[in-house]
Amino acid sequence: MNDSKSIDTRSDLLKLLCEAAELEHGIACSYLYAGFSLKRDLAEGGMTWEQQQTVRRWASQIYFIASQEMLHLALVWNMTTAIGGTPYYLRPNFPQPSRYYPLHVPIELEPFGPRSLRRFILYEHPEKVAPQRKLKSLFALAGEDAEKIEFGSVGELYGLIKSGFNNIPEKNLFIGSRTQQMSSDLVHFPDLVKVVGKASAIAAIEEITHQGEGIAHDRENSHFGAFVAMLKELVHAKGRGFSPARPAMQNPAARLDASYGGKAKAIGNPVAAEVAGLFDSVYSLMLRMLAWSFEFDSAGVEDQLRKFCSVAIDLMPRVLLPLGEGLMLMPAGPKYPGKTAGPGFGLTRHVMLPPDAKNARQLCKERLEELASLGGTLLKEQLPDSVKNGCRHLQAIANAFLT
Amino acid sequence: MKRDFDVIVIGSGVAGAIAAYRLAKLNARVLILEAGNHNPSRAQMVGGYATATLPKSLHSPYVQITSDKDAPSPDSSINYYDTPDGFVRFRSTYERRTGGATWHWLGHTPRMLRSDFKMKSTYAGGPDFPDGFVDWPISYDDLEPWYCEAEAEIGVAGSDAEWQNLFHSPRSKPFPMSMIWPSYSDRWIAGQINDKKFEGSVYRVLSTPSARNSTLYDGRPPCAGNSICVPLCPIGAKYDGAVHVAKAVEKGATLWEQTVVTRLEKDKDSSVHKVEFATYGDLNKKNRTASPVTAEMVIIAANAIETPKLLLISELANKSGKVGFYLMDHLSKSTYGKASEPLFPFRGPPSTSGIESFRDGEFRREYAGFRLSLNNDGWGRKGSPYADIVDLVTNERRIGMELQQALFDRIGRQLRLSCSVEVAPDPANRVELSTMKDALGVFRPKVTFAAPQYSLKGLAHATSTMKNMFEILGEKSPDLGEVGAFDGAGHIMGTCRMGDDASKSVVDANCCSHDHHNLFLLGAAVFPSCGSPNPTLTIAALALRGADHIAKHMGLKTMQVV
């Protein structure tokens, strides 16, 4: 990659697409963690009836934005396969320090609050709008630790990707199979479009950046604008006993190992750690099923592909959401007084699902059975209702898949 | 003579609010007069509704305490106090409140079709074709750019691919937002029913365009599937007229609430500048001028009952003698059955898809066209799920896991289909002045309505179509209700029809009174006919078009390129 901020080889473009996939993925998890932390019930305290309405609106907006980040990830996968690559679904375990990406903003799991919102604003800030120095300094992001800044925002990263699609001759670039492309007719994902050439690649990039940072005359209706508005509302509402978020720990890990960043902390409550482990396993399987669907040619296996996508998407609201929210109602352990646990979104080493559809199905079937059984074991414990619901839904999804 | 304002807008529903905003944006001095109360915050209304023991509770956007006496809104047919003997009471209600009835609309925004504007010239000739049908003085093509403008203004989510050129009605611009995603139930039904034929038309499930955000739009959040669009969206993802009231005020418009217009006065030259009003309630009135208030232009944007009522009281705009005539609604009917597979109802917006295939065709020479809606609310309107629990426990003696399984089996497969049938314009259906008066001494409306035979025949076909659909979906004995029975759709239209002939209509193609050059009527009152779509998008498009005409009339520099 050269320093002129322009891409002109397939390899560089694929590398940047991997980086985009990793970033979209990590940012989505970070948003979800903040969303999970928002209180639901008045009995949790710290909010009035009216404030509860605001908190639930924030939660729905954060979940919506996270879902658009997932759409961005899917669009990046389509771009990747269009030019001959394979979908990249891995990412480092949380947290990533500010020097990890050229963004120079850490990617962490932390509950909803002014600090997390300021971090979200930095992720999404428009390419042409310089973030406030004060905001950057919040995360000690002076830039002195960077040898070379390749991009300063997600928007800038996509600017580089766009230059690759513009610079590399179209007829040489798009070597992927058209039937490898995923769209809304195969996966229940609104606005997912196929990338079959330069025009559709540029359109996909513009959709991503428009949703993220908005356009010059409309920042309000973007992720950036929504987070700015949320922060304003939060700051305005503060100081009246308002406490919208659960006291979840930062950067939890079900089982801490060397793959986690230095700031990660092991959940001390053994039952919560089990639930967090189940969350990680379901999350990992969900990703592998989606990645399989985006990787291989759909011709002849459309039904299985639809099934995999349907199960993967079903796992998000019906299992991961209740497990994630429920974890934040469980004590984190004696080392963290007053704190609750949370999902670590831990990715453990595992094989990609194999190209052979039958074998891929067999692997998923067995894994779903194992995880449903684990959920069944957990149901014998004292758990928040939300976690119990997640375990029951997992059993129902596994049963439906097996039949 | 210097008037108090440039424009007075009477009524702050979707039509009045949009017109007020557009004109205030062009620096006109706009006054909005709203009979209803000031709205509490959205959170307070949600709270009022959620904690109430009645479906339509105090403080939710239905019954209000003070204005129910002084500016009465009919909350159900029993509130239509004056109906001639031999007629059932009119069933569709309206809301006198800032933002109007859009507070509790479902948000559906299909356009009218090309043929809906030209019913007489397209289908007249047969013995069963009603005499009341006339062509609109404008065509689909005339209104099409304004439909686009309305979709952008109120924020409509829809599918371009599905709705392009529906019944020869093209779209010149894409929807501003992609569609609200169809529910699982919609997709399952589409898989069973698409491409099958019935009575010469082909079933095709289409996502329904809706003024409900599918993404961040206009500073409002996307729909979060709270499922209570009616009575109100708790997060403001669904559009309501209060959005444009706020925008108008931000642009400098003045809003007077709890202000009931009692009469308009015409000058010697037949122009209308003077608006008399009465107030009630406890809002701060100190910054108001005394009644009457004056303006260069007057817009009545009440609704198709209050607008003719005010004209009749004021003895205005009625040289044709047609004010109050041709009242229309859509005939609505819900039918119930169970699908052969679970549909998992009670999630997402109450309805996300429909079938448009029966809205137009040669059959309209004999009977009315209709829309069909696929609904996501199970048998909620019949009391589900509580009614099912009571029934299973008391009548079938199910308890424990057996009860749970029976509930899952029953509720999971519940499906409601509904129709909205075109009502032919009929001069016998009308709004007059009652002899009764409300607390402020204003005459109440006397409403006469009976479904025309043409529409009842359409209702019968709609019912048999829904029966056929249920058969395809696995229900052999659906609950189709009583033969010929219908509900109101809440789509009150007609009563001040638009036309080129001043002797047969009340307003011209620009919604300006034939009799008074500076008096405009905006809203569904001006519809000469109604087709079968929900009327709000057409109301908004006509309001934008009317506001543009008013601006030009006033010499304001318009921003439109249409």
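Accessible areas come from the Shrake-Rupley method with a 1.4 Å probe, and for residues only the protein chains shown count as cover. The structure is a predicted model, in which local features need pLDDT of at least 70, side-chain atom pairs count only at pLDDT 80 or more, and totals for chains, interfaces and linings use all residues. Residues are numbered from 1 along each chain as its sequence is written, chains are lettered from A and ligands numbered from 1 in the order in which they are written, and side-chain values use heavy atoms, with hydrogens and water left out.

**Figure 1. Surface and fold of chain A.** Chain A exposes an accessible surface of about 16,400 Å², with 54% of this belonging to carbon and sulfur atoms. Its secondary structure consists of twelve helices and two strands, where helices (H or I, at least four residues) and strands (E, at least two) are DSSP runs numbered from the N terminus. In sequence order the pattern is α-α-α-α-α-α-α-α-β-β-α-α-α-α. The C-alpha trace spans about 60 × 55 × 40 Å along the principal axes of chain A. The radius of gyration of chain A is 21 Å, in agreement with the value near 22 Å for a compact globule of 403 residues; this radius is taken over C-alpha atoms, and the globule rule is 2.2 Å times the number of residues to the power 0.38. Of the 403 residues, 57% are buried, a term that denotes under 20% relative accessible area, as against over 50% for exposed and in between for partly exposed (1.4 Å probe, protein chains only).

**Figure 2. Overall architecture of chain B.** Chain B contains 13 helices and 17 strands. The radius of gyration of chain B is 23 Å, close to the 24 Å from the globule rule for 562 residues, so chain B is as compact as a globular protein of that length. A box of roughly 80 × 55 × 50 Å, taken along the principal axes, holds the C-alpha atoms of chain B. Buried residues constitute 62% of the 562 residues. The accessible surface of chain B is about 20,900 Å², and carbon and sulfur atoms account for 52% of that area.

**Figure 3. Surroundings of B:Pro110.** B:Pro110 lies in the loop between helix 3 (67–70) and helix 4 (119–123) of chain B. With a relative accessible area of 0%, B:Pro110 is buried. Apart from neighbours within four places in sequence, its contacts (heavy atoms within 4.5 Å) include B:Trp163, B:Arg359 and B:Pro533. The C-alpha atom of B:Pro110 is 9.4 Å from that of B:Ser532, although 422 residues separate the two along the chain.

**Figure 4. Interface between chain A and chain B.** In this interface, 18 residues of chain A contact 20 residues of chain B. The buried area between the two chains is about 1,500 Å², with 67% given by carbon and sulfur atoms; buried area is the accessible area (1.4 Å probe) that two parts lose on being put together, summed over both. A:Phe64, A:His188 and A:Asn221 supply 35% of the area that chain A buries against chain B, more than any other three residues.

**Figure 5. A:Phe64 at the interface.** A:Phe64 belongs to helix 2 (residues 49–82) of chain A and is buried, with a relative accessible area of 15%. Not counting residues up to four places away in sequence, A:Phe64 touches B:Ser214, B:Thr215, B:Leu216 and B:Pro222.
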